[in-house]
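Reader: I would like to learn how aromatic rings are read in a structure such as this one. Could you take me through it slowly?

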Amino acid sequence: MKKKLRLFVALAAMLALLVPAGAALAADPIVIGCPLSTAFLYGWDAERAVKLAVEEINAAGGVKVGGEMRPFKVEVIDTRDLEPGVPVSEALMGVEKLILEKHANFLIGGPVRSEAALAAMALLSKHKMISILTTGALTPKYHATVAKNPEKFKYLFRISGEVVWMLKGEMIPALVAVGKEYKLKSMYIMVQDVAWARALGDLIGKIMTKQGWQVMGHNVYPTGTTDYSMGLVEAKKKGAQVLVLAMDMPESAVLLKQWYDMKVPALPFGTVLAAAEQPGFWKATEGKGEYTLASVVNAGNAPSNATPWTMKFVNAYQKKYGVEPEGYGTSSSYMAVYVLKDAIERAGTLNSDKVAKAIEQTDMMGVYGRIRFDPKSHQIIPSIDPKEGAVGTIFQWQKGKRVVVFPPKIATGKILLPPWMKAGK
């Protein structure tokens, strides 16, 4: 009997030597649930970024929870909320499935459509589920709702930009600057029929009118629209010098092809403009996307040197997926995993209340600048200086590359006009 016991102890010791110290994979995983519209850019790029961050963290040993190292595990549900005609209820079912069936400890990602994200807030609060919104859902109503009832919604955070800051902090200053340089003063607004885009179109019209600009027209298009020629004809006829575009649907590529073919003498200036954001846009349009401007919301979604971590992320993403970061939702989804890891380790537990408090106290440098959250609204604190807050990115397609033109501290080039367009007088 003693001989068998000694043999057992010896075998156990040998096995212990074969298993690396702190091997997180032996412990129960921390499940990250990702509710994403995976057939669309703002879903698949977020999924890829989350998985890249998880792969890096697990390879480094995982997450320290108290005295134990534990790995992350990713569970993705397709919410389909960016698909035309899909009801909000389907996205909510996906969120609930992640919580009840996939046993997610935390949520990162969406829902992606603003209306679905807003509808999910009560459900997440009911389950005391920490959610870090990283993609889509640009409506200012999200963080305003958190601020109005911080106790009820204390588990909800947004680590990406939102439409009011994008407009007032980025797009308006960029428009004013290009207007002064090229003497432009008229615009035509073309937006998608979704909450954030309608709000942006209305706001930019009012603000730029006060800046002395003229709004020559304002069209709202249903999701899935495939012909924009009538609006472009009107913009050309009325002499608009800038096309203000806000569309998160892939059909926005059709608009830009038509703009190029019709040689509309107006600069296409997008906020979120899904088709134009992607590295493959140039090839897909056979170069007809030249001169298009687009915001990708957070730095790192296109190459720049915003922080020392920016190109490290860009290169890692390109190495894993064979393409540069693809647009809005990429760098923010990646950073959300690192922010969550940091908060869990500081809290020393997976307890929702303690982790939420730790996320509130986050102060770290990341891919797109200093990451901190407003303590009341849980919205990431923005800036045009990466040393002070989360910076955005407006780029322009120039000779097949996405050239960052705003904000000035991270710009790698300047805005150019298409050759068939003349500067104003």
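Author: Let us begin with a charge and a ring, keeping in mind that this is a predicted model. A charge counts as sitting over a ring if, for a lysine, NZ is within 6 Å of the ring centre and within 35 degrees of the ring normal. Here Lys 263 lies over the face of Trp 420, at 4.9 Å from the ring centre, and Lys 263 also lies over the face of Tyr 260, at 4.0 Å from the ring centre.

Reader: How many aromatic pairs does a search of the whole structure find?

Author: The search gives 16 aromatic pairs. One of them joins Trp 259 and Tyr 260, whose ring centres are 6.4 Å apart and whose planes meet at 65 degrees, so this pair is edge-to-face, since planes over 60 degrees apart are counted that way.

Reader: Is Trp 259 buried or exposed, and what of Tyr 260?

Author: Trp 259 counts as buried, at 0% relative accessibility, whereas Tyr 260 is partly exposed, with a relative accessible area of 23%.

Reader: Which kind of pair do the rings of Phe 313 and Tyr 334 form?

Author: Their centres lie 4.6 Å apart and their planes are at 45 degrees, so the pair is tilted. Phe 313 belongs to helix 12 (residues 310-321) and Tyr 334 to helix 13 (residues 330-347), so the pair ties together parts that are 21 residues apart in sequence. Phe 313 is buried at 0%, and Tyr 334 is buried at 1% relative accessibility.

Reader: Which aromatic cluster includes Phe 313 and Tyr 334?

Author: Those two residues form one aromatic cluster together with Trp 309, Tyr 317, Tyr 321 and Tyr 338.

Conventions
Residues numbered from 1 in each chain as written. Predicted model: local features only at pLDDT ≥ 70, side-chain atom pairs only at ≥ 80, totals over all residues. Heavy atoms only, no water. Phe/Tyr/Trp six-rings, centres within 6.5 Å; stacked < 30°, edge-to-face > 60°. Buried < 20%, exposed > 50% of the residue type's maximum accessible area, 1.4 Å probe, protein only. Helix = DSSP H or I, 4+ residues; strand = E, 2+ residues; numbered from the N terminus.
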